[in-house]
Amino acid sequence: MSSMITAAQWVPRGFAAPFPKKYTLDESEFERIAELAKLQLDDAEEDLKEAQENGEERISKSTKEESMEVEGEKETTEIKYDDDDLKEYDLEHYDDDEDEDVPAAETGMGFFGNLKSLAYHESNKDDPYVTLKDEDDDDDEQADLQILATDNLILSAKIEDELAHLEVYVFEDEGDNLYVHHDIMLPAIPLALEWLDMPVSNSGADKHGKGNFVAVGTMDPDIEIWDLDTIDCMYPNAILGQGGNAEAGEEEEKKKKKKKKKSKKGKKAKANDAYHVDAVLSLAANRQHRNLLASASADKTVKLWDLNTAQCAKSYSYHTDKVCSLAWHNTEATVLLSGSYDRTVVAADMRAPDAKAPRWGVESDVENVHWDPHDSNYFFVSTENGCVHYHDVRNAPSTPTATKSVWTLQAHDESVSSLDVNRTIPGFMATGSTDRNVKLWNIQPTGPSMVVSRNLDVGKVFATTFAPDAEVGFRLAVAGSNGNMQVWDTSTNAAVRQVFAQKVPNLKTGVVEDRLIGVEDDESSSSEEGDGEQDGESMDED
């Protein structure tokens with residue numbers, strides 16, 4: 001079984017519903033799905049029709065003649081029924097689909113047409129096909145789904161046996177327990193996750209409402225938004241992009257189809273101001289202006305979405321190659337940091353799209369950008385060749401080639417694929433790399449020094465992220481190419497306690513057993529890629 005976790009993110013305590021609700025497919029939900037799916041179905045039918053037309057045009061005259069000869073041979077070998085008793089069963093057409101000639105329009109929504117028959121009943125009492133009513137089942141199921149106020153959720157973008165889905169973990173810190181609460185099927189390989197604290201819908205959102213949602217960026221250009229407090233969802237609450245523009249009007253859709261017909265086969269759609277046309281590589285929610293979500297794409301653009309309307313508010317073209325990482329400024333709510341494969345980092349004010357934005361250069365492709373949560377004048381950049389750069393936003397270079405960093409750290413031998421800075425513990429930084437190691441750093445007050453390096457048996461590391469709540473500030477979620485999720489209580493490491501004891505008064509001293517928490521069912525499984533590596537191997541430095 002092959003699996004991989006490409007991204008992970010914590011959900012702060014207190015936002016998840018104590019008892020998540022079961023998905024209900026009623027009339028209103030069916031209408032909502034029909035509206036959202038209409039555009040995708042129309043596009044699919046158009047693609048199919050275009051492919052059939054192109055295929056017919058490519059068939060040469062000689063091929064047609066050969067096919068006619070083969071057809072003639074088939075006719076000569078056609079089954080003859082000599083027995084009248086067998087004729088009534090019509091075995092020749094036994095495998096034919098009875099509804100194969102029925103147009104999609106007559107079946108409602110094509111492959112969505114039978115959704116009503118898949119309705120899930122919250123209780124066996126409501127299901128007319130269940131004759132044995134067990135009242136205790138509902139109580140047991142509610143207890144299993146309960147999320148306590150002291151629990152954290154961890155979101156995981158996972159690929160398993162070529163299936164993509166979002167796993168929602170519950171982390172019980174006091175009980176040393178990590179388990180998958182529920183999962184959500186995704187349409188394509190997930191690349192980016194961003195937790196949202198407000199409800200989002202294509203039909204409009206509650207501007208002042210509190211929610212527990214997640215935006216998911218995938219290899220597809222659309223951004224899907226899911227409700228984390230609903231179990232067994234069949235369709236996202238909203239789609240940001242072309243797939244969610246069913247309300248844009250038939251006229252706009254006709255224009256898109258005309259352009260699509262004119263474009264050559266295999267040619268990618270051009271970037272535009274309304275939606276992405278390539279994979280979404282990064283997402284960033286604005287915590288001060290809750291309705292703003294920024295997205296970065298392989299189509300070289302950055303887009304700003306208004307979650308109140310689920311529409312693109314503005315599109316920016318600051319880079320000449322794929323844009324792979326985004327980060328909003330901690331205090332200047334309109335300043336967005338973006339990193340790209342063009343080996344530059346831009347800090348732009350979204351209110352002034354035409355103004356010249358300051359730009360920094362790095363030696364290789366950017367992997368991550370991150371503002372310093374303890375000093376908003378500085379930001380971090382990690383790169384493909386294993387470096388971490390620390391820059392002062394006030395000292396922008398005249399040209400990217402003239403960039404000078406405050407300090408540069410050769411953190412790993414391979415790409416620094418993930419980076420996070422602890423929000424509650426000053427100077428505490430974690431990096432993860434495709435070299436399979438996670439490293440913890442003390443970056444204050446004189447610059448970076450390594451505290452500990454560990455291989456946590458997650459394969460190539462794609463996610464390292466600190467818990468957002470002060471009570472669990474030392475917890476670090478780590479995941480990677482093995483498909484395993486591990487939560488490391490870094491406060492149990494002797495080197496970490498020694499370095500950060502003065503910064504965290506309540507940090508316990510003395511000998512403590514190293515604490516690493518994983519999913520019990522996955523502990524026995526490890527990737528073949530990890531052969532020869534020792535789990536827990538560490539190197540401490542004073």
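This short talk covers one sheet, the cysteines and the salt bridges of the structure above. Keep in mind that the model is predicted.

Let's start with the sheet. Four strands make it up, and it is open. The order is E6-E7-E8-E10, with antiparallel pairing. At the edges sit E6, residues 190-196, and E10, residues 238-240. Each of those two pairs on one side only. From one strand to the next, the twist averages 25 degrees. Now look at E6 and E7. E7 covers residues 213-218, and six bridges join it to E6 in the antiparallel sense. Pro190 stands opposite Thr218 in E7.

Next, cysteines. How many disulfides does the structure hold? Zero. Cys312 counts as buried because its relative accessibility is 16%, under the 20% cut-off. Cys387 is buried too, at 8%.

On to salt bridges. The count is 14. Take Asp173. One partner is Arg475, with the closest N and O atoms 2.7 Å apart. Asp173 lies in the loop between E4 and E5, and Arg475 lies in E28, so this pair ties together parts 302 residues apart in sequence. Are these two residues buried or exposed? Asp173 is buried at 11%, and Arg475 is buried at 10%.

Asp173 also bridges to Arg515, at 3.2 Å between the closest N and O atoms. Arg515 is in E30, and this pair is 342 residues apart. Arg515 is buried as well, at 15%.

Now another bridge: Asp349 with Arg351, at 2.8 Å. Here Asp349 is partly exposed at 25%, and Arg351 is exposed at 63%.

Last, the network. Shared partners join Asp173, Asp176, Arg475, Asp489 and Arg515 into one.

Notes
Residues numbered from 1 in each chain as written. Predicted model: local features only at pLDDT ≥ 70, side-chain atom pairs only at ≥ 80, totals over all residues. Heavy atoms only, no water. Pairing = 2+ DSSP bridges. Axes fitted to C-alpha atoms, helices over the stretch in contact; angles between N-to-C directions. Disulfide = S-S within 2.5 Å. Buried < 20%, exposed > 50% of the residue type's maximum accessible area, 1.4 Å probe, protein only. Salt bridge = Lys/Arg side-chain N within 4 Å of Asp/Glu carboxyl O.
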